[in-house]
2 protein chains.
Amino acid sequence: MAADPLSRVFAALADPTRRDMVARLAVGDATVGELAAPYDVTVQAVSKHLRVLEDAGLVSRSREAQRRPVHLEAEVFDLMTKWIERYRRQAEERYRRLDDVLRSMPDDDAPPTTQERNPS
Amino acid sequence: MAADPLSRVFAALADPTRRDMVARLAVGDATVGELAAPYDVTVQAVSKHLRVLEDAGLVSRSREAQRRPVHLEAEVFDLMTKWIERYRRQAEERYRRLDDVLRSMPDDDAPPTTQERNPS
DNA sequence: TCCTTCATCAACCTCTTGGTTGAGTAGGAC
DNA sequence: GTCCTACTCAACCAAGAGGTTGATGAAGGA
């Protein structure tokens with residue numbers, strides 16, 4: 001299992017079945033059996049998926065008689081969006097600057113190289 | 001390899017080394033050798049990581065003499081943020097409604113159950 | 001031409017992952 | 001008590017991921 005939280009969250013959502021379960025849980029809490037119903041896999045496999053989601057902090061499980069209602073914890077999403085937004089903004093900012101440089105150059109100049117794109 | 005684009009992007013970013021490379025590339029383009037330098041792995045391993053990032057659409061590689069400058073493609077991030085935001089908003093909206101229901105109930109009522117949290 | 005550099009391809013190894021089956025546990029219902 | 005339901009645990013298996021080493025390709029410099 002990945003040590004860092006960000007790796008766990010990304011890995012958990014890398015599986016389409018698990019993303020599907022998150023989508024289902026966004027509508028409302030559900031039991032393991034309810035979550036397993038739409039899929040052509042055993043309830044044990046679904047239980048494993050839920051454990052991955054739980055380890056990532058994406059869901060929590062309580063107890064209610066024999067049932068184990070699963071609950072979506074939306075806060076962890078922020079971890080990802082913060083990471084993503086940081087580097088997206090950084091990359092976009094870089095392009096803005098590159099465009100400025102290109103606009104300030106004469107038309108017959110050479111195309112941009114690695115060095116020009118990566119000013120150190 | 002995962003078939004759907006979203007799975008590929010999430011899986012690509014589930015590895016801390018690859019996230020690190022994305023962070024490096026947000027600063028500017030780099031060659032495979034430059035990207036490999038900080039890590040205690042072979043350049044072949046780094047080349048494999050870059051292939052994963054490329055298959056996910058997160059980076060592109062051009063040619064420049066023997067070098068293969070790697071370039072960050074920030075647009076794919078939108079795929080993820082859209083997915084994340086959709087379900088986060090949905091979950092938050094659900095809580096807002098749940099809070100309204102709870103507030104409208106008498107104090108001595110039972111704690112919320114799965115059914116109450118999942119009105120269908 | 002030969003050499004060096006930068007990077008990929010191919011084969012292999014180990015650990016993880018997503019699935020299975022079978023057994024076990026927890027808690028109503030009868 | 002004995003069932004039945006809902007779920008988890010344990011062991012196993014096939015496939016994939018991340019790493020290695022060794023060989024190969026592609027391009028500039030001597």
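What follows is a chat about a predicted model of two protein chains with two DNA strands.

Colleague: Let's start with the fold. What makes up chain A, in helices and strands?

Modeller: Chain A has six helices and two strands. Along the sequence they run α-α-α-α-β-β-α-α. Buried residues account for 40% of its 120 residues. As for the outside, the accessible surface is about 6,700 Å², with 51% of that belonging to carbon and sulfur atoms.

Colleague: And how do you know what relation links chain B to chain A?

Modeller: Look at the superposition: a rotation of 180° with 0.0 Å of shift along its axis puts chain B on chain A, at an RMSD of 0.0 Å. That is the relation of a two-fold axis.

Colleague: What makes you say the copies meet through the same surface?

Modeller: The overlap of the interface residues. 100% of the interface residues of chain B are also interface residues in chain A, so the copies meet through the same surface.

Colleague: On to the DNA. Which residues are closest to DNA strand D?

Modeller: Gly33(A), Ser47(A), Arg61(A), Lys48(B) and His49(B) are the closest, out of 23 residues that surround the strand. Sugar and phosphate make up 59% of the atoms of DNA strand D that come within 4 Å of the protein. By class, the surface near this strand has five nonpolar, nine polar and nine charged residues.

Colleague: What makes the pairing of Arg61(A) with DNA strand D a polar contact?

Modeller: The cut-off is 3.5 Å between N or O atoms. A side-chain N or O atom of Arg61(A) is 2.7 Å from a phosphate oxygen of DNA strand D, so the pair qualifies under that cut-off. From chain B, a polar side-chain atom of Arg18(B) lies 2.9 Å from a phosphate oxygen of the strand, and for the side chain of His49(B) the distance to a phosphate oxygen is 2.3 Å.

Colleague: Which elements each supply at least two residues of the surface near DNA strand D?

Modeller: From chain A, α3 (32-36) and α4 (43-55); from chain B, α4 (43-55).

Colleague: What about DNA strand C, which residues come nearest there?

Modeller: Lys48(A), His49(A), Gly33(B), Ser47(B) and Arg61(B), among 23 residues around the strand. Of the strand's atoms within 4 Å of the protein, 61% belong to sugar or phosphate and the rest to bases.

Colleague: How do you know which part of DNA strand C Gln66(B) contacts?

Modeller: From the partner atom: a polar side-chain atom of Gln66(B) lies 3.5 Å from a base oxygen of DNA strand C. Contrast that with Arg61(B), where a polar side-chain atom lies 2.5 Å from a phosphate oxygen. With Arg68(B), a polar backbone atom is 3.2 Å from a phosphate oxygen of the strand. The elements giving two or more residues to this surface are α4 of chain A, plus α3 (32-36) and α4 of chain B.

Colleague: Now for single residues. Why is Arg8(A) called partly exposed?

Modeller: Partly exposed covers what falls between under 20% and over 50%. Arg8(A) is at 22% relative accessibility, so partly exposed is the label. Arg8(A) sits in helix α1 (residues 5-13), and a polar atom of its side chain lies 3.0 Å from the backbone oxygen of Ala3(A). Asp55(A) is 47 residues away in sequence, yet 7.3 Å away C-alpha to C-alpha. Asp55(A) is also among the residues that Arg8(A) touches.

Colleague: And why is His71(B) called buried?

Modeller: Buried means under 20%. His71(B) has a relative accessible area of 10%, so buried fits. His71(B) belongs to strand β2 (residues 70-72) of chain B, and its side chain makes a polar contact of 2.9 Å with the side chain of Asp29(B).

Colleague: Last one: what is phi in Ala65(A)?

Modeller: Phi of Ala65(A) is near 60°, a positive value in a residue other than glycine. Most residues other than glycine have a negative phi. Ala65(A) lies in the loop between β1 (59-61) and β2 (70-72) of chain A. Ala65(B) has a positive phi of about 60° too, and is found in the loop between β1 (59-61) and β2 of chain B.

Colleague: Why does Ala65(B) count as exposed?

Modeller: Exposed means over 50%. Ala65(B) is at 54% relative accessibility, so the label is exposed. For Ala65(A), the relative accessible area is 54%, and exposed applies there as well.

How values were computed. Residues are numbered from 1 along each chain as its sequence is written. Chains are lettered from A and ligands numbered from 1 in the order in which they are written. This is a predicted model: local features need pLDDT of at least 70, side-chain atom pairs count only at pLDDT 80 or more; totals for chains, interfaces and linings use all residues. Side-chain values use heavy atoms; hydrogens and water are left out. A residue is near a molecule or strand if one of its heavy atoms lies within 4 Å of it. A polar contact is a pair of N or O atoms within 3.5 Å; within protein, one must be able to donate a hydrogen and the other to accept it, and residues adjacent in sequence count only if both atoms are side-chain atoms. Helices (H or I, at least four residues) and strands (E, at least two) are DSSP runs, numbered from the N terminus. Ala, Val, Leu, Ile, Met, Phe, Trp, Tyr, Cys and Pro count as nonpolar, Asp, Glu, Lys and Arg as charged, and the others, Gly among them, as polar. Buried means under 20% relative accessible area, exposed over 50%, partly exposed in between (1.4 Å probe, protein chains only). Accessible areas come from the Shrake-Rupley method with a 1.4 Å probe; for residues, only the protein chains shown count as cover. Copies are superposed by least squares on the C-alpha atoms of residues with pLDDT of at least 70 in both. Contact means heavy atoms within 4.5 Å. Lists of a residue's contacts leave out its neighbours within four places in sequence.
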